2 protein chains.
Amino acid sequence: MTDGGPVDLAVVGSVGIDAIETPHAKRDHLLGGSATYACAAASFFARPGLVGVVGDDFGPDRAEALRAFGIDLAGLRTESGSTFFWSGVYEDNMDRRSTRVTELGVFENFRPDLPEAYRDAPFVLLGNMHPQLQLDVLDQIRNPRFVAADTMDLWISTTHRQLMEVLARVDLLTLNETEAQQLTGEHGLVRAAVALLEAGPAYVLVKKGAHGSMLVTRASRFILPAYPVEEVTDPTGAGDTFAGAMMGALAAGGEVSEPALRRAMVAGTVVASFGVQDFSLDALRPLDRARIQGRIDDFRRMLAVD
Amino acid sequence: MTDGGPVDLAVVGSVGIDAIETPHAKRDHLLGGSATYACAAASFFARPGLVGVVGDDFGPDRAEALRAFGIDLAGLRTESGSTFFWSGVYEDNMDRRSTRVTELGVFENFRPDLPEAYRDAPFVLLGNMHPQLQLDVLDQIRNPRFVAADTMDLWISTTHRQLMEVLARVDLLTLNETEAQQLTGEHGLVRAAVALLEAGPAYVLVKKGAHGSMLVTRASRFILPAYPVEEVTDPTGAGDTFAGAMMGALAAGGEVSEPALRRAMVAGTVVASFGVQDFSLDALRPLDRARIQGRIDDFRRMLAVD
């Protein structure tokens, strides 16, 4: 497919190069970034368009690797300078990581500018970035069916007002447990999520890493454990993979409702469980819908109570 | 009901006095012990008989408190000396605790001697104790339908051979993730559980505290998150409450099968979620089947995927 046609899902976020060290391996020059993982994961279900920026060091091979997933790259700009670079180390059993280096490079001056065709995308995923950039995207899109936004602790502490403005304009917010409590000042997780619902979104999705996720609405809660993976090789991007696959599955299903979101979260969990079994996109690359569906069926048997 | 009649479930384990400090409160002279929590939790579903020992300091009020749950106390002996005493401190968000004092008292020389009527109990729960005592109980029971055993790291390192003998003679083993890995030398959780199945039991139930539990059989896995409780007041005994309620629910249902065990785990999770909302048995005391069923229904709605 050529770039610049209609997309089912517009994803805005970082595209980067990662260097990662785990207790078992050390790898660099890895394709990374939130929009990268999210688009690759979404591509198994729907046509994603990526909005981001890379430096002139990114190279055509990496772009080709993204295109091979079926990702539309009309929204990926190349600018003079270095691609966003992140380097991190995972400890022990992969549940803690520390950042060694973050070099924003061309991402520092990133201003999202959506290709015309993306402005009518029915589904939009705003990756974790400065809330002002998320607001800029919200100003560009026309009548979307469902918009999800991710965020992180940095924006909660530095750009609280703008983040609250984002909340008022999206359908779903994803964040982790600590962030939910930090953003609301509430101690209990559900109380924090309910406080966030007051700020606007119909859905708050709390990410709990290896312990799964929780979807909170004004009337309900949905608790989903993670799919049990015996050996996690690299958890980088698992949250973005989850969110991307969820939005892709939602777009593919065509229905926006809580039951549809629950099913989409199952798909997101399963694609993320594949993703962590190798570095970068290496475990996603050989995947197909049949293998994903096989693990979804397996997962649903693991969750079933008569 | 008078003591010494037939029971649905025989529970063998500790009965003790606890002193507990949390970040919010400090309480002592609390009724505690694995068999105490398990019997109280089971009592909402079936008639439990408690096999244990207390000192002459235990007092008739505490025994009456147990009897008020409908627990048969024919198996509870009183000996000259002190009741088992445990004192512990919970840190921060309740996910870590340290033991201050353990005084075994009369529990040190505990030799389980089941009342005649208990020897025909169809369901048996062997609380966490020296594996030789668990074997002694197994020698006394006649043709049980389902026997579950709990264990802990201490027995894994000091009495490995006897513990493996217990495994060969029970239907279900409960333990936590670290213990499963320690007992088998396997790193991955599912691989560890599968190695334990090789040793005898048809079911291995891995307890994950606030992150729920997992049931592993030769052919399947069942993953169940915890019921989300906003404020945990005291997590002491949550695992025993879970196991007791599960065994009680299984006994009440009359069916021994994996689907029945899954449903019983849901009941166990729910009763444990009530239990942690106050100290000792205080949150279980005012409970009834209707309130438990209400939360089970609520929980199942939280888990449902169409």
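## Salt bridges

A salt bridge here is a side-chain nitrogen of Lys or Arg lying within 4 Å of a carboxyl oxygen of Asp or Glu. By this rule the structure, which is a predicted model, holds 38 salt bridges over all chains.

One of them is found inside chain A, between Arg67(A) and Asp3(A), where the closest N and O atoms are 2.8 Å apart. This pair connects distant parts of the chain, since the two residues are 64 residues apart. Arg67(A) belongs to helix α2 (residues 60-67), while Asp3(A) lies in the segment before β1 (9-12).

## Two hairpins in chain A

Strands β2 (residues 16-21) and β3 (residues 26-32) of chain A run antiparallel and are joined by five bridges. Gly16(A) in this pairing faces Gly32(A) of β3(A). Four residues make up the hairpin connection from β2(A) to β3(A).

A second antiparallel pair is formed by β6 (residues 84-91) and β7 (residues 96-103) of chain A, with seven bridges. Here Trp86(A) stands opposite Thr102(A) in β7(A). The hairpin of β6(A) and β7(A) has four residues between the strands, and Asp92(A) takes a positive phi near 35 degrees.

## How the two chains are arranged

How many degrees of rotation superpose chain A on chain B? The rotation is 180 degrees, with 0.0 Å of shift along its axis, and the RMSD after superposition is 0.0 Å. The two copies are therefore related as by a two-fold rotation axis.

The contact draws on 28 residues from chain A and 28 residues from chain B. Of the interface residues of chain A, 100% are also interface residues in chain B, so the copies meet through the same surface.

## Area of the interface

The size of an interface is often expressed as the accessible area that is lost when the parts come together. For chain A and chain B the buried area is about 2,500 Å², and 53% of it is on carbon and sulfur atoms. Three residues, Ile223(A), Glu230(A) and Val305(A), supply 26% of the area that chain A buries against chain B, more than any other three residues.

## Contacts across the interface

Four salt bridges cross the interface of chain A and chain B. Glu231(B) and Arg191(A) have side chains that meet in a salt bridge, at 3.1 Å from N to O. Polar contacts between chain A and chain B involve 19 residue pairs, with both residues at pLDDT 80 or more.

Which elements of chain A each supply at least two residues of the side that touches chain B? They are α7 (189-198), β13 (221-224), α9 (258-275) and α10 (289-303). The largest share comes from α10(A), with six residues. By residue class, the side of chain A that touches chain B has 16 nonpolar, two polar and ten charged residues.

Conventions: Residues numbered from 1 in each chain as written. Chains lettered and ligands numbered in written order. Predicted model: local features only at pLDDT ≥ 70, side-chain atom pairs only at ≥ 80, totals over all residues. Heavy atoms only, no water. Least-squares fit on C-alpha atoms with pLDDT ≥ 70 in both. Contact = heavy atoms within 4.5 Å. Buried area = accessible area lost by both parts, 1.4 Å probe. Polar contact = N/O pair within 3.5 Å; in protein donor to acceptor, adjacent residues only side chain to side chain. Nonpolar A, V, L, I, M, F, W, Y, C, P; charged D, E, K, R; others polar. Pairing = 2+ DSSP bridges.
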